[in-house]
Amino acid sequence: MSHSSEPRPMTARRSGPLTGVATVPGDKSISHRALILGALSVGETRITGLLEGQDVLDTAKAMAAFGAKVERLGDGEWSVHGVGVGGFSEPEGVIDCGNSGTGVRLIMGAVATTPITATFTGDASLSRRPMARVTDPLAQFGAQITAREGGRLPITIQGAADPLPVRYRTPVASAQIKSAILLAGLNVPGETVVIESEPTRDHSERMLAGFGADIRTETTDEGHVITLQGRPELRAQPVAVPRDPSSAAFPVAAALIVPGSEIRVPGVSRNPTRDGLYVTLLDMGADIAFENEREEGGEPVADLVVRHGPLQGVTVPAERAASMIDEFPILSVIAAFAEGTTVMNGVAELRVKESDRIDAMARGLEANGVRVEETKDSLTVHGMGRVPGGGTAVTHLDHRIAMSFLVLGLATVAPVSIDDGDPIATSFPGFLPLMQGLGADLG
Ligand code: S3P
């Protein structure tokens, strides 16, 4: 990301009703996976609707560094000529994954069982994030891994020449850990098994099956068990990336809190492993209709119609956290405008995202006159009719914190500022013009 450039402060002001169509970009998780599986397949994978955010562009660059032919054909339209499972060649330079935890963790998985050496790095935010959660299971395959103190980036992986299959129970609910192990398992003889206590986003499983891998998921006494048969020949596939429900959450939230708003958000993924925010908003009494429910690119999608209206505070159960893990920052903004208190439980993982999101939201909301409480793994927001605003939030290189506070400022009494809007381009490059097009006063 342009983390080395000057910070770009931004401000959002109380806005009139938001109206119109918010066409959000392609899903970030699916975009990373489409590039990586395309690179591990035989033949040409054509991708449409790819998110062209910096995180995904860094993954595209990495796939080219490992030998795939990656080309941009047009807006969101990409072609990947893959090298096949086990076909990665040793990259000449360091692999810089920028701000992206998904990028670095999945690619480390894809490399761990191929006998090449690669070094991974990232920006200041990514270099603080825990990587042992991925390198520990990858070492069980036989990879040799050297990390900086505390298991942090930069990390060098020497992939296993004779990898062994692994059976691994993930210690925290994380699709990134699961996916890294499955990608490593591709180049291993025999069955690789991942067991998770709570189901996490299943895009890797869906896409691996779509590319011809033998993969099955069962719910047993042990939990959610995913079994992958190693050494498949992945066949290149067209991938139509659905629109990102995590990005859609920002215009949706804005429409819910700005009086008189009504917007339409077309073609958003409704994958049940991603829809916790929408379940929660309906619990809060939000006026959201899901129209034209259909399937696109192997994922359920719908057109959302969202209208402003009264909202009630709720308690979000810990079991729902995995299905809305990236949406807690924006939920805490919406909660500030609800009647009563919203309690978000089981959210400890937020502390190791692009920033400590519990801390970043708590401090930023307090700076804008909202009463909050936090524990190690919960955040409580006390709703109020009129949210004062007038504060500046520190975004810590975190795109979702930046967008959340800009949305807050659209409905507060006084404007809300952020110290740096630059990171927004990691996941939602057209955020400002899209919001301005709905009538939002921000920039
Ligand atoms: C992602 C998984 C989640 C999420 C991230 C994307 C993925 O992280 O926060 O933005 O694409 O697999 P964890 O799996 O670490 O919870």
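Tutor: Domain bounds, as used here, come from an automatic or database domain assignment. In this predicted model, local features need pLDDT of at least 70 and side-chain atom pairs pLDDT 80 or more, while totals for chains, interfaces and linings use all residues. Residues are numbered from 1 along each chain as its sequence is written, and side-chain values use heavy atoms, leaving out hydrogens and water.

Student: Where does the ligand lie relative to domain 1 and domain 2?

Tutor: Between them, because domain 1 (10-26 + 243-442) and domain 2 (28-152 + 166-229) both give residues to its shell.

Student: Which residues surround the ligand?

Tutor: Look for residues with a heavy atom within 4 Å of the ligand. Here you'll find Lys28, Ser29, Arg33, Thr102, Ala173, Ser174, Ala175, Gln176, Arg201, Ile325, Asp326 and Lys353. That's 3 nonpolar, 4 polar and 5 charged residues.

Student: Which helix gives the most to the shell?

Tutor: Helix 1, with 3 residues. Helix 1 (28-39) and helix 5 (175-185) each supply at least two; helices are DSSP runs (H or I, at least four residues), numbered from the N terminus.

Student: Which atoms lie 2.7 Å, 2.8 Å and 2.9 Å from a ligand oxygen?

Tutor: Polar contacts are N or O pairs within 3.5 Å. A polar side-chain atom of arginine 33 lies 2.7 Å from a ligand oxygen, and one of serine 174 lies 2.9 Å from a ligand oxygen. With glutamine 176, a backbone N or O atom lies 2.8 Å from a ligand oxygen.

Student: How much of the ligand's accessible area does the protein cover?

Tutor: On its own the ligand has 380 Å² (Shrake-Rupley, 1.4 Å probe), and the protein covers 95% of that.

How values were computed. A polar contact is a pair of N or O atoms within 3.5 Å; within protein, one must be able to donate a hydrogen and the other to accept it, and residues adjacent in sequence count only if both atoms are side-chain atoms. Ala, Val, Leu, Ile, Met, Phe, Trp, Tyr, Cys and Pro count as nonpolar, Asp, Glu, Lys and Arg as charged, and the others, Gly among them, as polar.
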